[in-house]
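Visitor: Could you take me through one part of this structure in detail? I would like to see how a single stretch sits within the whole.

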Amino acid sequence: MTVFHFFNCAILTFGPHAVYYSATPLSEYDTLGTSVKAALVYLGTALVKLVCLATFLNVSENDSFDPYQELLKALIGFIDVAGIYFALTQLTYRNISQNHKFQAVGLGWAFADSVLHRLAPLWVGARGLEFTWDYILQGLEANANLVLSISLAALGSLMWLRKNKPKTLIPIIYVCALIVATMPSITSYLRRGMGWHFPKVVGFELFTSLVMAFISWQLFSACQRPSV
């Protein structure tokens, strides 16, 4: 039963990444190398973030919400934006379209995040003797993170690669990118500042990820239309 529970949670956590790759044109255009490069960039940015967090943040004795510490975390979190910028604009890829590039980068980014933050807890905890919903919720959280990562890559693609976008959409693109980039701080406030339990936070993340994915898709479609 414990092994069965572990495999169920692992499939829920990592399966959507494989499904997204195989069910979209990404597999037809062989963009796996792009996703691997993005995952390596993620690991590099995660290391830089870890050093910054260890250097500038104080270890708190309680789990209360500290606005100053959370502001520092949010600022350090923008290293992710710099990493996605590097992955989208500085790495060399084979001839793939902008549409496929941001999807491959977002997919590799989200997969690396799930492996780094969820694989070890899943391996240790989901094989325990006592059943718990925590690892199923972590799998759902990984799905929300997948959608948010692709949305952030799409918005980054519009900001840095799309030159002829409508000027009226530029503020909306930047605001949406800001919201997605600060989602870890938002969820931290909901959990620590407002006392939300983990299932409620995951529900919020799932809902927000779908909303941001819809908005990002609409913005990307609007920017692809020929200007009149």
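Guide: Happily; here is a look at helix H2, followed by the protein around it. A word on conventions comes before that: this is a predicted model, in which local features need pLDDT of at least 70, side-chain atom pairs count only at pLDDT 80 or more, and totals for chains, interfaces and linings use all residues. Residues are numbered from 1 along each chain as its sequence is written, and side-chain values use heavy atoms, with hydrogens and water left out.

Helix H2 spans residues 32–56; helices here are DSSP runs of H or I with at least four residues, strands are E runs of at least two, and both are numbered from the N terminus. Tyr42 belongs to this helix and counts as buried, with 3% relative accessibility. The classes are buried under 20% relative accessible area, exposed over 50% and partly exposed in between, using a 1.4 Å probe and protein chains only. Beyond its neighbours within four places in sequence, Tyr42 is in contact with Trp109, Ala112, Asp113, Leu116 and His117, where contact means heavy atoms within 4.5 Å. The C-alpha atom of Tyr42 is also 8.0 Å from that of Ile84, a residue 42 positions away along the chain.

Leu40, also placed in helix H2, is exposed, with a relative accessible area of 54%. Together with Leu32, Val36, Leu43 and Leu116, Leu40 makes a nonpolar surface patch of about 450 Å². Such a patch takes residues with over 30% relative accessible area and no salt bridge, joining nonpolar side chains (Val, Leu, Ile, Met, Phe, Trp, Tyr) within 5 Å; a salt bridge is a side-chain nitrogen of Lys or Arg within 4 Å of a carboxyl oxygen of Asp or Glu. Helix H2 gives the most to this patch, four residues. Leu116 is thus both a member of the patch and a contact of Tyr42.

Now for the setting. The protein has nine helices and zero strands. Its radius of gyration is 18 Å, close to the 17 Å of the globule rule for 228 residues, so it is as compact as a globular protein of that length; the radius is taken over C-alpha atoms, and the rule is 2.2 Å times the number of residues to the power 0.38. Of the 228 residues, 45% count as buried. Among contacts with a separation of 6 or more, 81% join residues 24 or more positions apart.

Notes
Patch = residues over 30% accessible without salt bridge, like charges linked within 9 Å, V, L, I, M, F, W, Y side chains within 5 Å. Areas by Shrake-Rupley, 256 points an atom, 1.4 Å probe, with all protein chains shown as cover.
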